[in-house]
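Let's take a walk through this fold, one strand at a time. Keep the viewer open and follow along as we go.

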Amino acid sequence: MNGLTAALLVWTLISPSGGGHGGRGEIWPTHVACRNEGLEVFYQSCDPLQDFGFSVDQCSKKLQPHLSIRFGIILREDIRELFLDVLLLTKGASVLNFSYPICEDDLPKFSFCGRRKGEQVYYAGPVDNSSFDVPEGEYQVLLKLYNENHSTVACANVTVIAS
């Protein structure tokens with residue numbers, strides 16, 4: 001599994017989420033990214049100023065090589081370059097920790113690369129990844145999207161429950 005595949009796979013499975021607070025100290029709602037027999041994926045924005053939307057069309061413990069996702073957010077920062085940090089935990093222990101470039105100046109991978117502060121990003125389309133079975137268990141995933149200035153674009157705390 002290459003870095004982009006792994007990043008998008010984890011992004012797809014756990015979606016942006018986290019335990020953040022709204023601008024007035026309110027906790028952002030917990031959203032359901034997908035729910036089906038044997039798999040549930042919930043997320044909560046951990047950005048104190050902004051929530052966002054994310055969903056996965058196919059929700060299965062058998063992760064397919066081509067998933068359709070939807071993601072929407074209004075940018076508070078420019079994204080000339082965009083990076084994803086992922087930390088996967090189970091039972092409090094780190095299982096996976098990596099960073100991956102999503103948008104680079106010389107290699108924009110998505111149509112939203114280069115968008116400016118105040119613009120909307122809405123992506124509805126395929127994400128290619130390796131096919132595998134999600135092992136039974138409960139997983140916490142911490143996701144952070146940030147730009148070339150290390151300013152947070154979005155962050156999430158995600159819970160994945162596979163039974």
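Two residues are in contact here when they have heavy atoms within 4.5 Å of each other. With that in hand, start at G38: setting aside neighbours within four places in sequence, G38 is in contact with K61, I161, A162 and S163. The model is predicted, and in it the C-alpha atoms of G38 and S163 are separated by 4.7 Å although the two residues sit 125 apart along the chain.

Before following that up, let's take stock of the whole chain. The protein chain has one helix and twelve strands, and reading along the sequence gives the pattern α-β-β-β-β-β-β-β-β-β-β-β-β. Of the 163 residues, 47% are buried. Among contacts between residues at least 6 apart in sequence, 65% join residues at least 24 apart. The chain exposes about 8,100 Å², with carbon and sulfur atoms supplying 52% of that area.

A word on confidence, too. The average pLDDT is 83, and 83% of the residues score at least 70. Over residues 1-23, though, pLDDT stays under 50; the model has 103 contacts beyond four places in sequence for that stretch.

Now back to G38, which is found in the loop between β1 and β2 (39-45). Those two strands form a hairpin with two residues between them, and G38 in the turn has a positive phi of about 90°. Five bridges join β1 to β2, and the strands run antiparallel. For a landmark in this pairing, look at C34, which stands opposite V41 in β2.

C34 itself lies in strand β1 (residues 31-36). Is C34 buried or exposed? C34 counts as buried because its relative accessibility is 7%, and the cut-off for buried is under 20%. Leaving out residues up to four places away in sequence, C34 touches L39, E40, V41, V56 and C59. You can also check the spacing from C34 to F54: they are 20 residues apart in sequence, and their C-alpha atoms are 9.2 Å apart in space.

Next, step across to β2. Six of its seven residues are buried, so β2 is largely enclosed by the rest of the structure. Besides pairing with β1, strand β2 is joined to β12 by seven bridges, again running antiparallel. In that pairing, S45 stands opposite A156 in β12.

That brings us to β12 (residues 152-162), where T159 lies. T159 counts as buried because its relative accessibility is 19%. Apart from neighbours within four places in sequence, T159 is in contact with E40, V41, F42, E138, Y139 and Q140. With one of these, Q140, the side chain of T159 makes a polar contact of 3.2 Å.

What about the nonpolar interior? In soluble globular proteins, nonpolar side chains tend to be buried together. Here the largest nonpolar core has 39 residues, and the members that touch the most others are L39, F52, F54, L82, I102, F112 and V158. Which strand gives this core its largest share? That would be β12, with six residues.

Other parts of the sheet pairing are worth tracing as well. Strand β3 (residues 53-56) runs antiparallel to strand β5 (residues 66-74), with four bridges joining them. There, S55 stands opposite R70 in β5. Strand β5 also pairs with strand β9 (residues 120-128) in the antiparallel sense, over nine bridges. In this pairing, G72 stands opposite Y122 in β9.

Finally, look at two loop residues with unusual backbone angles. Most residues other than glycine have a negative phi. K91 has a positive phi, near 55°, and is not a glycine. You'll find K91 in the loop between β6 (82-90) and β7 (93-104), where it counts as exposed because its relative accessibility is 84%. H150 has a positive phi too, about 65°, and is likewise not a glycine. H150 sits in the loop between β11 (137-147) and β12, and it counts as exposed because its relative accessibility is 59%.

Methods. Residues numbered from 1 in each chain as written. Predicted model: local features only at pLDDT ≥ 70, side-chain atom pairs only at ≥ 80, totals over all residues. Heavy atoms only, no water. Buried < 20%, exposed > 50% of the residue type's maximum accessible area, 1.4 Å probe, protein only. Polar contact = N/O pair within 3.5 Å; in protein donor to acceptor, adjacent residues only side chain to side chain. Core = buried A, V, L, I, M, F, W, Y, C linked by side-chain atoms within 4.5 Å. Pairing = 2+ DSSP bridges. Areas by Shrake-Rupley, 256 points an atom, 1.4 Å probe, with all protein chains shown as cover. pLDDT = per-residue confidence, 0-100.
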